[in-house]
Amino acid sequence: MLAFYTVLLGFATQSRYIALSNESSANEPTVPDTEINHQYSKSVAFENDFRRYVANYIDPEIQYFSFLRPLNELQIAMLFSRAKAYHQVFKSCNAGSKTDSWCGRCPKCLFTWLALSPFISRDELTDIFGKDLLKDNNLRSILDQLDGSVEVKPFECVGTVGEVRACVNNILRHDNNLTGTILDGVASTDDPSVADYISQFDEGNNLPDLFKNILKEALNG
């Protein structure tokens, strides 16, 4: 619906670019070894299909793309960590959306905490979320879903299994106060590190060069 609405507005206002904010991490299937992805409309597969439809049947001049497609969740978290003015007001929690709060109990809350953890201190995260999520052992089962310990990821807009493992590994290496937390007894993995993710730039995107250069400058900043 959003895709068609924005194309209608683009056509009516003679706007050439329609830029969404879907990242490369949204391409990962929710169910491993399948094409089942609850974020399908956010994936590059949908984006490519929709672009072909628009070019063939509506207007080939309208460019529908995601500005953040070259980036993964950890790169976005890194860039957002620099925007300190927004740390106390942003939210990424469906359960708490009606009260403009973090519920602190859902996959989105835990993933957001983990994604930001390489760039924002644990004390600052506790202040943002209203509690230390690592100390809530009710979240251990959600961690198992996020890090691939169980077969199916949460049907929520969260990052990839690899990104979660990279963040967990980073915490295990740098935080000496994990006794009694959801990471107590968790073993590190051989997955790519946070630094590896930060150095990526996914070329499977539809960005015009102008927008690619903006992102590359931000990453280098």
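How much area does the protein chain expose, and what percentage of it do carbon and sulfur atoms supply? The protein chain exposes about 11700 Å², and carbon and sulfur atoms supply 51% of that area; accessible areas here come from the Shrake-Rupley method with a 1.4 Å probe, and for residues only the protein chains shown count as cover. Before we go further, please keep in mind that this is a predicted model, in which local features need pLDDT of at least 70 and side-chain atom pairs count only at pLDDT 80 or more, while totals for chains, interfaces and linings use all residues. Residues are numbered from 1 along each chain as its sequence is written, and side-chain values use heavy atoms, with hydrogens and water left out.

Let's start with the overall fold. The protein chain holds nine helices and two strands, where helices (H or I, at least four residues) and strands (E, at least two) are DSSP runs numbered from the N terminus. Read from the N terminus, the order is α-β-α-β-α-α-α-α-α-α-α. The radius of gyration is 19 Å, close to the 17 Å that the globule rule gives for 221 residues, so the protein chain is as compact as a globular protein of that length. That radius is taken over C-alpha atoms, and the rule is 2.2 Å times the number of residues to the power 0.38. Along the principal axes, the C-alpha atoms fill a box of roughly 60 × 40 × 35 Å.

Of the 221 residues, 46% are buried, with buried meaning under 20% relative accessible area, exposed over 50%, and partly exposed in between (1.4 Å probe, protein chains only). Among contacts (heavy atoms within 4.5 Å) with a separation of 6 or more, residues 24 or more positions apart account for 65%.

Now turn to the largest nonpolar core, which has 36 residues. A nonpolar core is a set of buried Ala, Val, Leu, Ile, Met, Phe, Trp, Tyr and Cys residues joined through side-chain atoms within 4.5 Å. Cys109, Leu110, Leu114, Phe129, Leu143, Leu146 and Leu183 touch the most other members. The elements giving two or more residues to this core are α3 (73-81), α4 (107-116), α5, α6, α7 (161-174) and α8 (194-198), and α4 gives the most, with seven. Leucine 110 makes a good stop on the way: beyond four places in sequence, its partners are Leu133, Leu139, Ile142, Leu143, Leu146 and Ile182.

One of those partners, leucine 133, lies in the loop between α5 (122-129) and α6 (140-146). Leucine 133 is buried, at a relative accessible area of 0%. Leaving out residues up to four places away in sequence, leucine 133 touches Gly104, Cys109, Leu110, Trp113, Leu139 and Ile182.

Helix α2 (residues 44-57) is our next stop, and glutamate 47 sits in it. Glutamate 47 counts as buried because its relative accessibility is 2%. Its contacts, again beyond four places in sequence, are Tyr64, Phe65, Ser66, Arg69 and Asn206. Phenylalanine 50 is also found in helix α2 and is buried, at 4% relative accessibility. With residues up to four places away not counted, phenylalanine 50 touches Ala3, Phe4, Val7 and Tyr64.

Finally, look at asparagine 170 in helix α7. Asparagine 170 counts as buried at 14% relative accessibility, and touches Pro118 and Val194 when residues up to four places away in sequence are set aside. The C-alpha atoms of asparagine 170 and serine 188 are 8.9 Å apart, with their positions 18 residues apart along the chain.
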